[in-house]
Amino acid sequence: MLLGTGKVCIRGENYFNRGYGREWEMEGCQLEFVHELIEGGKWKNDLLKHWFNVVDVDHITNIPLSLYDRKDRLFWNYSKFGIYTVKTGYVVAKEQSEMMNRRLASDPETSWEIRKHTVWKRLWSLNVKMKLKHFLWRCLQNGMATNKALYKRFGISNKICHCCGKETETIEHIFFFCPKAKVTWKLAPVRWEGFVALQGNLWRWWEAVTQSTKETQGADRIKLTVNLLWQIWKARNKLAFQSELVDAKVIIDKAQQEWIEYEAVYESDTRTNSNLEMERQVQQR
Ligand SMILES: [Zn+2]
């Protein structure tokens with residue numbers, strides 16, 4: 001609001017209501033119009049201080065007064081001449097929304113929620129077999145029956161790794177630290193050397209990996225990685241339940257083979273769908 005003649009009613013229009021529902025009490029006050037609080041284009045500070053508290057006085061004196069003797073009018077603070085335009089409205093709305101996002105992101109708990117949400121969203125939108133998505137989801141949720149998990153939950157089983165017989169078998173040990181896993185990653189066509197420091201926490205490692213989608217062949221590397229993790233897990237089970245050792249090269253071959261097969265099926269499906277769509281369009285012409 002830009003006050004000109006100040007013909008607005010102090011009480012009726014609730015002009016000085018600061019928005020939190022507090023009623024303005026003016027017992028014994030004869031003031032009726034806002035212009036009674038203004039003189040020579042300035043607020044009458046003494047009068048304001050008499051009837052309002054310090055915070056309200058501050059709030060009121062921040063309302064711009066017109067330099068001319070003109071009618072009160074709505075004044076849009078964000079444009080040069082005080083007139084609302086869609087463009088300035090959009091800019092203000094965008095700024096406020098960005099400010100809110102910044103505030104949310106700077107809050108550690110919210111930022112953690114956002115990160116978790118992003119990781120799950122990326123996982124479920126991955127173009128790999130559904131069983132692989134479920135597998136990885138369980139790994140990330142600490143839901144795999146590793147020896148350590150079984151030991152912790154039921155007190156049974158030996159928490160030592162079947163393969164090396166030395167370390168506690170965690171999901172991270174199976175995927176990265178067991179000598180068999182190390183050899184597998186060494187020979188595999190996809191490596192994540194930049195994230196070695198994150199291998200102690202599968203969740204953090206995976207989060208970093210999925211952030212590489214924009215890199216060259218990023219999406220393909222991620223898809224092959226999921227297949228590799230799956231085959232490493234299957235090899236671990238084969239050793240644990242059938243006492244069969246699976247060679248690192250076999251793990252890699254199987255991972256590549258399954259990935260390529262899925263891609264081929266997916267591509268032919270997409271092609272068939274687009275052919276069907278083209279045929280449908282031709283028939284409609
Ligand atoms: Zn091991």
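Colleague: What percentage of the 285 residues in the chain do buried residues make up?
Modeller: This is a predicted model, and its chain holds 11 helices and two strands, which read along the sequence as β-β-α-α-α-α-α-α-α-α-α-α-α. Of the 285 residues in the chain, the share that is buried comes to 18%.

Colleague: Is Trp51 buried, partly exposed or exposed?
Modeller: Trp51 sits in helix 1, which covers residues 45–51, and its C-alpha atom is separated by 10.0 Å from that of Gly28, a residue 23 positions away along the chain. A residue needs 20 or more C-beta neighbours within 10 Å to be buried and 12 or fewer to be exposed. Because Trp51 has 18 such neighbours inside 10 Å, Trp51 counts as partly exposed.

Colleague: How is helix 5 oriented relative to helix 10, roughly parallel or roughly perpendicular?
Modeller: Helix 5 (residues 130–140) packs against helix 10 (residues 218–242) with the axes 10 Å apart and at an angle of about 75°. Angles of 65 to 115 degrees count as roughly perpendicular, so helix 5 is, with respect to helix 10, roughly perpendicular.

Colleague: Which residues of helix 10 make the contact with helix 5?
Modeller: By class, this contact has seven nonpolar residues, one polar residue and no charged residues. Helix 5 contributes Leu132, Phe135 and Leu136, while helix 10 contributes Val226, Asn227, Leu229, Trp230 and Trp233.

Colleague: Within what arc do the buried residues of helix 9 fall?
Modeller: In helix 9 (residues 202–210) the buried residues are Leu202, Trp205, Trp206 and Val209. An α-helix has 3.6 residues a turn, so residues three or four places apart point the same way. The buried residues of helix 9 line one face of the helix, because seen down its axis they fall within an arc of 95°.

Definitions and conventions
Residues numbered from 1 in each chain as written. Predicted model: local features only at pLDDT ≥ 70, side-chain atom pairs only at ≥ 80, totals over all residues. Axes fitted to C-alpha atoms, helices over the stretch in contact; angles between N-to-C directions. Helix = DSSP H or I, 4+ residues; strand = E, 2+ residues; numbered from the N terminus. Parallel < 35°, antiparallel > 145°, perpendicular 65-115°, else oblique. Contact = placed C-beta atoms within 7 Å. Nonpolar A, V, L, I, M, F, W, Y, C, P; charged D, E, K, R; others polar. Arc of directions from axis to C-beta.
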